[in-house]
Amino acid sequence: MAYEEVAIEAIKHALKALRKRHLVEEGAHAPALAALNRPFVLQGSEWKEKAENLEVELQQCYKAQARLSEQLVVEVAESRASKSLLQEKETLITDLQNELNQARDECSHLTELLGEKTKALELLMAEHQDLKAQLEAMTLRANNAEAENKTLVDRWMLQKMQDAERLNEANALYGDMLDKVKVASIEKLARQQVDGVVRQSEDGAEFYVESSIPSTCKQRIPAHDGGCASILFEYNSSKLISGGQDRAIKMWDTTSGSLTNSFYGCLGSVLDLSITHDNKFIIAASSSNNLYVWDANSGRIRHTLTGHIDKVCAVDVSKFSSRYVVSAAYDRTIKVWDLQKGYCNNTIIFHSNCNSLAFSMDALTICSGHVDGNLRLWDVQTGKLLSEVAAHSQAVTSVSLSRNGNMILTSGRDNLHNLFDIRTLEICGTFRSNANRVASNWSRSCISADDSYVTAGSVDGSVHIWSVSNGKMVSTLKEHTSSVLCCSWSGLGNPLATSDKSGTICIWS
């Protein structure tokens with residue numbers, strides 16, 4: 001019975017639930033039933049209106065969807081750009097972090113260096129203080145020395161004044177002696193010269209013979225490395241002296257072409273040579289700004305004459321006395337030296353550099369050829385300019401005196417060779433050739449021993465010889481392979497020697 005009651009109660013509960021569900025479904029389907037109960041025409045118009053509204057709503061939805069799509073595309077592009085920018089920023093941050101680390105390391109290194117430099121600076125400051133103290137001590141000593149030097153200079157000037165007075169007295173006596181000797185030498189030369197041939201004097205001091213025109217190269221000597229700028233013969237001898245860029249001075253036997261002696265000690269290229277009248281001393285002008293004097297017998301340097309401040313390009317020794325030497329350098333000075341004392345007696349300053357010079361026969365006049373093309377004559381004792389003449393349109397390269405002392409031969413970069421009367425400075429002759437071109441500012445020409453011929457080298461290696469009497473070219477010698485720099489004729493009349501830029505010397509007979 002209990003089970004039946006329970007079943008009945010359950011059935012009743014289920015029936016109540018069904019009724020509620022039925023009522024709910026009726027309420028839900030009521031609009032539909034009401035619509036079904038309406039006429040179909042009314043329902044169609046409503047449905048049409050709803051359809052149109054729905055179509056409008058659908059179009060609006062499509063438009064909203066399009067706008068949202070566009071916005072979505074823009075947002076996606078911006079998102080990608082932001083992502084790329086973010087990656088770049090991250091890369092930049094990484095690089096900056098690396099640079100920061102490097103800067104920190106460098107800063108640490110610089111800090112260490114700063115510490116070292118600070119220590120070094122402290123050490124230098126200490127040394128500076130020590131040096132400052134030493135400088136003060138040295139300054140005090142220098143002031144004391146300057147005071148002592150002033151006292152010594154005063155004493156020295158007093159002594160020099162006394163020496164000058166004694167020297168003036170000696171110069172007066174020497175001038176009287178020179179006047180007497182000058183008169184005697186002029187008379188002697190006048191007696192010696194007869195028809196252009198000067199005979200040996202009775203005491204055998206010097207002699208000249210008639211020169212002949214050379215035609216054959218007897219000796220070809222490889223004398224110097226780098227060029228031979230100066231050659232000259234000993235007085236009354238066939239021995240030849242040469243100087244070159246290898247800083248050596250050599251003496252040659254022109255008969256055999258053998259080397260007889262060498263002189264060393266020159267510190268620069270040899271630009272010019274001279275020898276005393278007694279053949280005892282050889283003087284070289286050097287590019288080292290000095291002149292060197294050797295003893296010809298022993299080969300030792302006797303003097304180094306200092307005083308020029310540029311290369312010395314010309315030198316000559318008095319033909320009257322072996323004591324005095326004149327030199328010219330590219331410091332625009334001409335200096336007169338005393339070989340016995342080894343110092344400069346007089347200095348001539350002029351605006352144009354001198355390339356070549358020569359003493360007159362009486363040793364009272366200096367003949368100089370300059371870069372401005374002028375030939376000038378100077379008084380040896382006073383240094384005054386006696387006379388000048390425009391010898392060439394370009395630089396004078398060579399000045400040489402005739403053996404009788406009456407004529408001066410000059411050569412210039414205008415490729416002319418002029419012969420002047422030393423007394424009037426009038427041109428006695430001009431020698432030229434289209435084939436003859438002067439090689440350098442120190443190319444040396446020469447006159448033969450009997451004053452009959454003029455010889456000059458050319459840039460093409462040829463040697464030209466002119467006759468003084470008629471000015472015509474009488475011979476052209478060809479043996480050199482480079483520019484001829486210097487010519488020298490033996491005082492014995494023969495041979496003729498020439499040298500070139502390759503250092504080769506040719507002996508002609």
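This is a short tour of a predicted model, from the whole chain down to single residues.

**The whole chain**

Start with everything shown. The chain holds two helices and 30 strands. Of its 509 residues, 39% count as buried. The accessible surface comes to about 29,600 Å², and 55% of that surface belongs to carbon and sulfur atoms. Among contacts between residues at least 6 apart in sequence, 45% join residues at least 24 apart.

**An open sheet**

Select residues 228-233, which are β4, and residues 258-263, which are β7. These are the edge strands of a sheet, and each pairs on one side only. The sheet is open, has four strands in the order β4-β5-β6-β7, and its pairing is antiparallel. Strands in a sheet are held in pairs by backbone hydrogen bonds, in a parallel or an antiparallel arrangement. On average, neighbouring strands of this sheet are turned by 25° against each other, direction ignored.

Now select residues 239-244 (β5) and 249-253 (β6), which pair in the antiparallel sense over five bridges. Within this pair, find leucine 240; tryptophan 252 in β6 stands opposite.

**Strand β14 and its partners**

Next, select β14, residues 333-338. Six of the six residues of β14 are buried, so the strand is largely enclosed by the rest of the structure. Show the side chains: Thr333, Lys335 and Trp337 point one way, while Ile334, Val336 and Asp338 point the other way.

Add β13, residues 324-329. β13 and β14 pair in the antiparallel sense over six bridges. One bridge joins alanine 329 to threonine 333 in β14. The hairpin of these two strands has three residues between them, and arginine 332 there takes a positive phi near 65°.

Then add β15, residues 343-349, which pairs with β14 in the antiparallel sense over six bridges. Aspartate 338 has tyrosine 343 in β15 as its bridge partner. In the hairpin of β14 and β15, with four residues between the strands, glycine 342 takes a positive phi near 80°.

**Valine 325**

Stay in β13 and select valine 325. Is valine 325 buried or exposed? Valine 325 is buried, because its relative accessible area is 0%, and buried means under 20%. Its C-alpha atom is separated by 5.0 Å from that of tryptophan 337, twelve residues apart along the chain. Beyond its neighbours within four places in sequence, valine 325 is in contact with residues including Ile283, Val315, Lys335, Trp337 and Phe359.

**The largest nonpolar core**

Select Val326, Ala328, Ile334, Leu357, Phe359, Ile366 and Trp378, the residues with the most contacts inside the largest nonpolar core, which has 15 residues. β13, β14 and β16 (354-359) each supply at least two residues of this core. Apart from this core lies another, of 14 residues, among them Phe263, Cys266, Val270 and Tyr292.

Go back to phenylalanine 359 in the largest core. Not counting residues up to four places away in sequence, phenylalanine 359 touches residues including Asp316, Tyr324, Val326, Ile366, Val380 and Leu401.

**Histidine 303**

Finish with histidine 303 in strand β11, residues 301-305. Histidine 303 counts as buried because its relative accessibility is 17%. Which backbone oxygen lies 2.7 Å from a polar atom of the histidine 303 side chain? The oxygen is that of leucine 339. Leaving out residues up to four places away in sequence, histidine 303 touches Leu291, Tyr292, Val293, Leu339, Gln340 and Gly342.

Conventions. Residues are numbered from 1 along each chain as its sequence is written. This is a predicted model: local features need pLDDT of at least 70, side-chain atom pairs count only at pLDDT 80 or more; totals for chains, interfaces and linings use all residues. Side-chain values use heavy atoms; hydrogens and water are left out. A nonpolar core is a set of buried Ala, Val, Leu, Ile, Met, Phe, Trp, Tyr and Cys residues joined through side-chain atoms within 4.5 Å. Buried means under 20% relative accessible area, exposed over 50%, partly exposed in between (1.4 Å probe, protein chains only). Contact means heavy atoms within 4.5 Å. Accessible areas come from the Shrake-Rupley method with a 1.4 Å probe; for residues, only the protein chains shown count as cover. A polar contact is a pair of N or O atoms within 3.5 Å; within protein, one must be able to donate a hydrogen and the other to accept it, and residues adjacent in sequence count only if both atoms are side-chain atoms. Two strands pair if DSSP finds at least two bridges between them. Axes are lines fitted to C-alpha atoms, for helices over the stretch in contact, and angles run from 0 to 180 degrees between N-to-C directions.
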